[in-house]
Amino acid sequence: MTNAREEYLLKQLRGKDYRLAFKAIAELRNSSERSLASIVSGYKAKDEQRAFQYLVARIVLEKGVGGLAEKWHELPSPEWRENLMSEIRQFLDLWAEESLIDLLINALNDADLRVCRRGVTALRECLEELSVKEEREARKTESGQRFLAGKERLQSWVTPQRRARIAQTVTRALEQHSENPWALTWPSWYIELLGYTANKTDESAIAVLSGLRRFAGEPYKVSYQRLDPSNLPWPEKLLSERKGVIPTLRIAHHPTGLLDISVLDTALKRISDREP
């Protein structure tokens with residue numbers, strides 16, 4: 001990394017845009033310059049946001065992502081922990097090293113539910129299984145091939161021990177909200193993540209998912225309405241004028257408020273197929 005690049009990234013770190021700052025930290029950790037941590041230590045924070053950015057930068061520059069995993073529960077402000085986890089999730093490739101999985105697991109076990117949800121989304125993204133069609137399409141481009149290679153590397157770091165820790169945490173969260181799974185905001189993602197981590201001997205995981213069947217069904221109802229081409233409603237009329245196509249049928253999807261039964265069944269199937 002050139003000196004000019006380091007200076008640019010340090011400027012981003014000192015800036016008001018926390019997204020750019022967190023992204024800069026991820027790149028700065030690859031620098032060979034050992035004095036960067038002491039340079040950041042000399043910065044005077046103008047506000048709470050900058051104080052958090054500098055703290056994260058010092059930890060990462062001194063001890064890498066593993067250091068951030070160790071110190072996760074000492075980081076202040078649930079709001080900023082959530083923001084940091086959100087940005088890490090969007091740029092997993094920039095933070096990729098084995099200890100990243102431990103960091104995500106620690107976020108999953110955070111004292112604040114908002115942060116836990118971000119840990120769920122990040123781990124789900126790491127473990128999500130692509131369809132044959134999605135994988136085939138990804139292999140057609142260089143960027144897609146890099147994505148697949150990065151995903152494979154992340155998944156290789158999710159050891160059986162880490163997988164068990166994730167499953168235990170997600171099971172506990174679903175048990176605590178068994179009467180109101182929507183309190184988790186994205187219950188289907190918790191269910192998917194449990195499907196990717198639990199195995200056929202995890203009786204608690206199977207029981208909690210089976211108990212959610214009473215809340216599950218088709219997530220949407222579909223309705224159909226015939227349209228009069230001579231008296232189209234405003235949205236369809238506008239579409240007709242723009243596209244030159246006269247719609248004759250309106251299709252609407254109405255949320256039912258139910259958990260998606262297909263997601264639940266798929267998770268249980270994965271668990272029943274996975275050996276301990």
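Begin by selecting helices α10 and α11: α10 passes α11 in a left-handed crossing. The model on screen is predicted.

**Stop 1: α10 against α11**

Colour residues 160-176 as α10 and residues 187-197 as α11. Their axes lie 9 Å apart, and the helices pack at an angle of about 145 degrees. To see the contact itself, show side chains on both helices. From α10, display R163, I166, A167, V170, T171, A173 and L174. These meet Y190, L193, L194, Y196 and T197 of α11.

**Stop 2: α10 against α12**

Keep α10 selected and add α12, residues 203-211. Here the axes come within 10 Å and cross at roughly 35 degrees. This crossing of α10 past α12 is left-handed. On the α10 side, the residues to select are T171, L174 and E175. Their partners in α12 are S204, A205, V208 and L209. Note that T171 and L174 appear in the contact with α12 and also in the contact with α11.

**Stop 3: T121 in α7**

Move next to helix α7, residues 113-127, and select T121 within it. Is T121 buried or exposed? T121 counts as buried because its relative accessibility is 4%, under the 20% cut-off. Leaving aside residues up to four places away in sequence, display the residues that T121 touches: R89, W186 and W189.

**Stop 4: R50 in α4**

Select helix α4, residues 48-71, and centre the view on R50. With a relative accessibility of 6%, R50 also falls under the 20% limit and therefore counts as buried. Which residues does R50 touch, not counting those up to four places away in sequence? They are R14, G15, K16 and A45.

**Stop 5: the whole chain**

Clear the selections and display the full protein chain, whose secondary structure comes to 14 helices and 4 strands. The C-alpha trace spans about 70 × 55 × 40 Å along its principal axes. Of the 276 residues, 44% are buried.

Turn on the molecular surface. The accessible surface comes to about 15,400 Å², with 49% of that area belonging to carbon and sulfur atoms. Colouring by charge brings up 43 positive and 40 negative side chains. The centres of these two sets lie 3 Å apart.

Finally, a contact map may be drawn beside the view. Taking contacts between residues at least 6 apart in sequence, 71% join residues at least 24 apart.

Terms used:
Residues are numbered from 1 along each chain as its sequence is written. This is a predicted model: local features need pLDDT of at least 70, side-chain atom pairs count only at pLDDT 80 or more; totals for chains, interfaces and linings use all residues. Side-chain values use heavy atoms; hydrogens and water are left out. Helices (H or I, at least four residues) and strands (E, at least two) are DSSP runs, numbered from the N terminus. Buried means under 20% relative accessible area, exposed over 50%, partly exposed in between (1.4 Å probe, protein chains only). Contact means heavy atoms within 4.5 Å. Accessible areas come from the Shrake-Rupley method with a 1.4 Å probe; for residues, only the protein chains shown count as cover. Lys and Arg count as positive and Asp and Glu as negative; His and the chain ends are not counted. The place of a charge is taken as NZ of Lys, CZ of Arg, CG of Asp or CD of Glu. Axes are lines fitted to C-alpha atoms, for helices over the stretch in contact, and angles run from 0 to 180 degrees between N-to-C directions. A crossing is left-handed if the near helix is turned anticlockwise from the far one by less than a right angle, and right-handed if clockwise.
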